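This report describes one protein structure for a reader who is new to such models. Please examine the sequence and the structure before reading on.

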Amino acid sequence: MNEVVINIFLVCGGLGLFLFGMKMMSSGMELIAGDRLQGIIKRVTSNRFFAVLVGIAATIAINSSTATTIMTVSFVNSGMMNLTQAIGIIMGANVGTTFSAQLVAFRIDQFAPLFIFIGVILHIFFKKRSIKNIGYVVLGFGILFFGVTVMGEPFSDLRHNPSFYAILTTFQNPILAVLAGFLFTAIIQSSSATMALLVTLHLYGVPIPFTTSAFIILGTNIGTSMTTLISSISANRESKRAALFHIMFDVIGTTVFGTIIYIFPGILAWFQNTWAEPARQVAMFHTLYNFATMFLILPFVTQVAKLMTKIVPIKDDGADVTYEKKLIYLDEKVNFTPSIAVVNAHLELCRMGKIANENLARALDAFNNENVEKAKKVIKNEKIIDYLSHNIAVKLIEINKMALSSFEAERVGRMFQIVSDMERLGDHAENIAEYAINMDEQNIKLSGTAREELEELGMLALNVTTKAIDAYEQEDSSLLQDVRSIEKEVDVLAAEFTNNHIGRLKLATCEPRGGVIFTDMISDLERSADHANNIAFSLLTDSKKSLH
């Protein structure tokens with residue numbers, strides 16, 4: 001086989017090893033610290049500088065700016081984070097992703113076999129899960145840099161090939177260089193891999209001009225934002241604004257600094273004079289360019305957030321996306337890492353819970369005001385709840401098969417029960433709607449006292465279900481005491497009103513047909529409160545539940 005073809009195969013294989021190793025590292029770090037990182041990211045304050053630091057730290061920790069930005073978009077989508085906070089994290093993620101190129105430039109690939117050996121020992125021969133996870137990360141680290149070695153050796157041969165050199169010279173045009181960086185990164189969905197390839201070219205003496213490399217880097221940054229854009233397709237408009245900012249951040253940086261280095265080539269000469277090794281020059285340009293772009297935009301974060309709102313305005317076309325019969329956060333369009341999959345499952349459950357709770361409110365309104373049309377709307381919405389219940393359960397089974405941390409595995413395990421509780425809330429709402437329809441069709445009347453009691457109990461039951469859904473969505477355990485207190489009050493009133501009803505039956509002040517509906521309503525409302533209690537207290541781990 002032609003030697004050039006063999007070398008190209010080796011480069012592709014080395015790039016594949018790099019991507020695989022990076023995936024292993026990212027997955028391993030998510031197992032070790034993914035849930036902690038989620039907690040830190042969710043609790044980011046409006047302080048833009050702290051948000052940037054969190055973005056840098058999170059990206060270095062899991063070695064993936066894509067994972068950090070997609071996770072951020074998910075939190076914006078849920079309302080846990082506002083656009084201004086997300087902008088700070090995204091800027092930090094762009095800086096954090098430059099860390100891997102610096103490591104490649106330091107020639108750590110020479111120690112790759114040692115990392116592979118240590119990683120295998122830790123992952124295979126130790127039984128403790130935490131040590132096995134560390135071994136998995138070290139193994140991924142070794143494979144990643146072994147990929148750099150595999151790529152590098154054929155580059156040493158290809159640098160003397162006239163055809164290969166002719167290809168490189170076509171990218172001396174700045175626009176073509178930016179386009180090449182953009183397309184390659186968008187296709188493989190990893191700026192780290194593109195940068196590793198570029199730094200390796202310089203490490204092994206491939207005669208690619210530093211100017212060309214600089215413009216390729218500019219394009220690379222734009223390319224990596226494509227994954228974030230795709231992840232926001234099915235999300236809400238606030239998330240789309242965050243994804244749009246990610247693109248604009250890189251486009252603004254490329255336009256401003258691309259123009260500057262084109263007009264003032266002395267800037268690139270400074271890099272070449274400051275760092276002797278071409279690979280280090282490329283890595284430092286990548287890092288300093290992202291820092292410069294961040295400092296350029298950081299003072300205008302508030303204004304940028306307002307601009308994103310104007311570009312992607314609030315859409316009011318009368319359509320309620322919430323009630324669409326489809327999964328929104330667990331859509332098939334995006335491949336999720338384990339941590340992001342768990343976050344999005346939580347968001348999908350929150351959406352289902354809100355629909356079920358709103359349906360309960362609508363059912364009570366229909367019953368109290370004898371509104372048959374609203375009752376029919378409740379029954380229609382119940383089909384959406386059943387659809388979500390089934391499909392979320394299917395997705396949870398898939399997520400449960402992923403490499404989850406013990407915390408995430410426990411959380412997913414609890415979600416199966418939460419789906420069931422939310423689905424039962426929907427069933428009780430449907431029952432109440434059917435009572436309203438039956439009373440209208442059969443001309444059944446309740447006494448004034450019976451209606452007042454059902455309305456009081458209904459308001460109390462709706463209060464506890466609303467607090468429970470809010471507690472679960474916000475992961476706010478401070479609401480649990482209120483939920484427990486109201487749920488007990490529902491139980492007390494249910495028993496009291498049932499006794500009152502028996503008394504009215506004895507006095508013949510309530511007709512038997514209405515009495516059946518009355519007792520069934522009491523049962524539905526009491527059970528709704530029980531399911532609400534289950535949903536709220538799912539926030540506690542099994543060990544904490546034993547304390548209550």
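## A buried arginine and its partner

Arg-451 has a relative accessible area of 19% and is therefore buried, since the cut-off for that class is under 20%. The model in which this residue is found is a predicted one.

Arg-451 forms a salt bridge with Glu-370, and the closest N and O atoms of the two are 3.3 Å apart. Arg-451 belongs to helix α20, whereas Glu-370 lies in the loop between α17 and α18, so the pair ties together parts that are 81 residues apart in sequence. Unlike its buried partner, Glu-370 counts as partly exposed because its relative accessibility is 48%.

## Two further salt bridges of helix α20

Glu-473, in helix α20 (residues 448–474), is paired with Lys-354, in helix α17 (residues 338–368). The closest N and O atoms of this salt bridge are 3.0 Å apart, and the two residues are separated by 119 residues along the chain. Glu-473 counts as buried because its relative accessibility is 12%. Lys-354, at 34% relative accessibility, counts as partly exposed.

Helix α20 also contains Lys-467, and helix α21 (residues 480–506) contains Asp-482. These two residues form a salt bridge as well, with their closest N and O atoms 4.0 Å apart. They are 15 residues apart and link distant parts of the chain. Both count as partly exposed: Lys-467 has a relative accessibility of 25%, and Asp-482 has one of 36%. A search of the whole structure finds nine salt bridges, among them the three described here.

## Helix α4

How many of the 14 residues of α4 are buried? The number is 13, and the helix is accordingly described as mostly covered. Helix α4 comprises residues 83–96. From its first C-alpha to its last it reaches 20 Å, which is close to the 20 Å expected at 1.5 Å a residue.

## The protein as a whole

The protein has 23 helices and zero strands. It consists of 548 residues, of which 54% count as buried. Its accessible surface comes to about 24,100 Å², and carbon and sulfur atoms account for 61% of that area.

Contacts also join parts of the chain that are far apart in sequence. Among contacts with a separation of 6 or more, 81% are between residues 24 or more positions apart.

Terms used:
Residues are numbered from 1 along each chain as its sequence is written. This is a predicted model: local features need pLDDT of at least 70, side-chain atom pairs count only at pLDDT 80 or more; totals for chains, interfaces and linings use all residues. Side-chain values use heavy atoms; hydrogens and water are left out. Helices (H or I, at least four residues) and strands (E, at least two) are DSSP runs, numbered from the N terminus. The expected span of a helix is 1.5 Å times one less than its number of residues. Buried means under 20% relative accessible area, exposed over 50%, partly exposed in between (1.4 Å probe, protein chains only). A salt bridge is a side-chain nitrogen of Lys or Arg within 4 Å of a carboxyl oxygen of Asp or Glu. Contact means heavy atoms within 4.5 Å. Accessible areas come from the Shrake-Rupley method with a 1.4 Å probe; for residues, only the protein chains shown count as cover.
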